[in-house]
Amino acid sequence: MEKISGARSLMIALEKEGVDIAFGLPGGANLPIYDELYKSNIRHVLVRHEQSASHMADGYGRVSRRPGVCFATSGPGATNIVTGIATAQADSAPMVAITGQVPSKMIGRDAFQESDIIGITNPIVKYAFQPMTPNEIPEVVKKAFYIAATGRPGPVLIDIPKDVQQNEAEIHFPSEVKIRGYHPWVDPDVRQIERAIDMLLSSERPVILAGGGVIISSAFAELQSIAELLMIPVVTTFKGKGAFPENHPLSLGPIGMHGHAEANKIMTEADCVLACGSRFSDRSVGTFEEFEKNLKIIHMDVDPAEIGKNQTTNVAVVGDVKTSLRIMVKMLIQKAIKKNGESAWSKRVNETKQYYRENLKVHPHPLAASKVLKKLREVLPAQSIVTTEVGQHQMWASLFYDVIHPGTFFSSTGLGTMGWGFPAAIGAKAAKPDVPVLDIAGEGSFNMTENSLAVSVLENLPVIVFLFNNFTLGMVAQWQRTFYDRRMIGVDLKNCPDYVKIAEAYGAQGIRAQTLDEVGKAVQTAIKSDIATVIDIPIDPQEDVLPFVAPGTSLKDMILPS
Amino acid sequence: MWSIISVLVENKPGVLFKITNLFRSRNYNIDSISVGVTENPEVSRMTITTEADEKQLNQILKQLDKLIDTLEVKLLEEKKSVYRELVMMKLKVSKPTDIKEITDLANAFKCDVHDVRKNSIILEITATPDRINALEDLVKGYGILEMARTGICALARGYGNES
């Protein structure tokens with residue numbers, strides 16, 4: 001058997017996993033890996049900051065549903081991807097992050113660019129490996145991809161000391177691996193699904209709550225069948241936004257802190273909820289105790305630890321959401337259960353929906369968020385992929401941008417990472433080059449990773465940055481207006497920089513859109529062009545995101561625009 | 001509620017850190033923890049005692065189970081398990097009659113006496129926490145100079161059908 005280096009075996013193992021693209025930035029401790037990357041067929045996308053590499057891998061992973069790969073060197077390179085790893089963990093995104101480490105003999109001696117990345121990332125990875133011999137690398141890679149992509153997906157870290165990359169050995173590539181403490185797929189208990197059906201049928205005011213698990217397991221058709229067979233209205237979590245077409249008559253949209261008024265209202269009136277792939281985050285349900293009052297909860301989730309974590313469950317179905325829902329559809333069809341016509345509940349749901357859609361006050365500014373996002377929806381093709389940054393624009397997207405094609409909307413919903421949306425959009429574009437990819441952004445968030453414009457331009461991964469620009473850290477400003485008696489501090493970005501010029505400086509296209517008509521035209525221009533585009537939309541810095549469920553209060557206490 | 005959790009884990013570096021870090025990051029409480037290799041050199045057993053209400057205990061068990069390096073997580077019921085802790089206490093000897101008194105107490109508690117000196121004596125007891133606390137109460141008067149506890153070590157009673 002021929003001897004090869006650890007770095008070479010890493011590349012072969014990655015290729016065997018079907019990796020054809022990786023995002024990263026080289027440094028002293030991962031040069032042997034980069035030298036092999038040079039010789040491999042894997043496309044390398046050079047970032048300008050490692051954090052963006054991790055977000056690109058995350059975006060790629062969420063869209064392709066295969067682990068995205070990022071590379072960073074030891075020390076600061078590795079610590080720069082920590083935010084990206086935490087983001088992927090919070091949103092269950094499949095990712096394999098590969099860091100260089102100082103040579104094994106130097107570990108623990110506070111060497112130059114040494115950081116204990118295994119220790120640092122322990123609470124935010126699904127698993128971490130540190131192979132200490134080249135022979136371990138193929139098995140580690142195989143296990144890493146298996147762990148990252150199966151069950152509840154998540155980030156896996158592989159930290160490879162430089163000498164382990166360099167040393168040569170006769171290396172064996174396993175065709176399969178076994179991990180005795182890891183059992184990602186549990187067959188759902190059919191009796192529990194039967195109980196769930198009985199509970200749904202015996203309830204008067206049922207609601208389906210679709211979470212991110214529906215999108216991860218691609219259970220769109222199954223979810224829609226159940227909603228339509230039982231005529232149950234569908235609300236989603238923010239992460240689950242777009243798990244169900246938001247133009248469907250049964251759709252009420254996201255619940256939560258900035259959920260749709262009709263969704264929050266109906267959620268609080270329901271007597272039974274079928275929660276699919278949702279972890280009942282505080283942002284979705286408000287106060288835990290209030291949420292579960294007078295509510296029977298059926299909880300489907302692939303992660304048994306989610307059952308009973310935040311809410312008391314009446315019926316638990318542990319297993320892949322798609323599999324569980326498919327079994328449920330089959331049972332409903334076998335039992336010939338199909339509801340037709342109007343019930344008191346469906347009447348109430350429709351009236352509530354109509355009431356809020358017609359009577360909520362719209363912000364008077366000509367570029368009010370709702371108007372801008374409705375314009376965007378008109379001009380953006382349904383299959384386009386949308387990511388968001390984090391802040392007011394993100395919550396406006398939740399409220400006013402309807403996702404029609406399921407699984408085309410992605411956001412940093414769990415960790416709330418500013419700077420995520422743009423690099424994630426670039427990763428998404430790499431996964432799906434044939435559809436337009438647009439980042440609904442705010443300038444405060446975009447600032448954090450805007451140097452990825454270089455990547456978008458040079459790597460021919462053109463995405464559209466749809467920039468709600470109020471030159472303010474808007475969400476913080478809104479909280480200061482609301483909860484701190486308008487004592488504004490640390491939120492004014494003072495008209496700096498000029499985003500059209502920033503775009504142009506990177507060789508991208510910058511368009512300032514000052515009317516709704518210009519917004520529409522700018523998006524159309526951007527879609528037609530093959531270059532990254534920043535659409536700078538000056539909005540009113542005084543506009544709040546409403547409705548609003550204040551932190552620590554219940555969905556019942558929703559504040560409406562007045 | 002005081003509970004004993006028995007966890008079989010991969011016997012490899014970093015696993016103890018993962019377990020304790022889980023308790024720290026999720027704000028659970030570790031009352032005691034003891035670790036040692038089992039009959040299978042690839043597997044270690046950790047015995048963790050914790051104070052938690054039922055809901056939190058349930059979460060602790062599930063979160064432990066979720067860790068990839070845990071192979072088995074079991075809640076041990078006090079009545080259906082054998083659990084002991086080894087404790088050493090170094091007591092102050094103030095006057096010659098103390099030695100006799102302490103040795104009598106040690107006999108009553110079936111503990112071993114080590115290192116008898118003019119000014120100190122070491123007792124070793126392997127017992128349930130209740131018995132250890134009772135002994136501690138009784139010897140406190142002499143003055144406890146130093147003390148070391150191993151944490152609880154436990155096994156479920158019976159095997160297979162017997163348990």
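## Two domains in chain B

Domain bounds here are taken from an automatic or database domain assignment. In this predicted model, that assignment splits chain B into domain 1 (2–76) and domain 2 (82–156). The C-alpha centres of domain 1 and domain 2 of chain B are 28 Å apart.

Let's look at where these domains of chain B meet. Nine residues of domain 1 of chain B make contact with seven residues of domain 2 of chain B. On the domain 1 side, the elements giving two or more residues are β1 (2–10), β2 (32–37), β3 (43–51) and β4 (70–76) of chain B. The largest share of that side, three residues, belongs to β2(B). Sorted by class, the side of domain 1 of chain B that touches domain 2 of chain B holds three nonpolar residues, five polar ones and one charged one.

## Nonpolar cores

In soluble globular proteins, nonpolar side chains tend to be buried together. With that in mind, here are the cores of this model. The largest nonpolar core contains 185 residues, and A:C70, A:L223 and A:I535 are those with the most contacts inside it. Helix α7 (residues 137–149) of chain A supplies the largest share of this core, eight residues.

A:C70 is a good place to zoom in. Leaving out residues up to four places away in sequence, A:C70 touches A:A22, A:F23, A:G24, A:A53, A:S54, A:M56, A:A57, A:I81 and A:A97. Apart from the largest core lies another one, of eleven residues, including B:L91, B:I102, B:A106 and B:V139.

## Cis peptide bonds in chain A

Two prolines of chain A deserve a look at their backbone. A:C496 and A:P497 are joined by a cis peptide bond, with omega about 0°. You will find A:P497 in the loop between α22 (474–483) and α23 (499–505) of chain A.

The peptide bond from A:L546 to A:P547 is cis as well, its omega being near 0°. A:P547 sits in the segment after β20 (533–538) of chain A.

## Positive phi outside glycine

A:R65 is not a glycine, yet its phi is positive, at about 60°. This arginine lies in the loop between α3 (50–64) and β4 (68–72) of chain A. Because A:R65 has 17 C-beta neighbours inside 10 Å, A:R65 counts as partly exposed.

A:S218, also a residue other than glycine, has a positive phi near 60°. Its place is the loop between α10 (212–216) and α11 (220–230) of chain A. With 14 other C-beta atoms within 10 Å, A:S218 is partly exposed.

How values were computed
Residues numbered from 1 in each chain as written. Chains lettered and ligands numbered in written order. Predicted model: local features only at pLDDT ≥ 70, side-chain atom pairs only at ≥ 80, totals over all residues. Contact = placed C-beta atoms within 7 Å. Helix = DSSP H or I, 4+ residues; strand = E, 2+ residues; numbered from the N terminus. Nonpolar A, V, L, I, M, F, W, Y, C, P; charged D, E, K, R; others polar. Core = buried A, V, L, I, M, F, W, Y, C linked by C-beta atoms within 7 Å. Buried ≥ 20, exposed ≤ 12 C-beta atoms within 10 Å, placed from the backbone.
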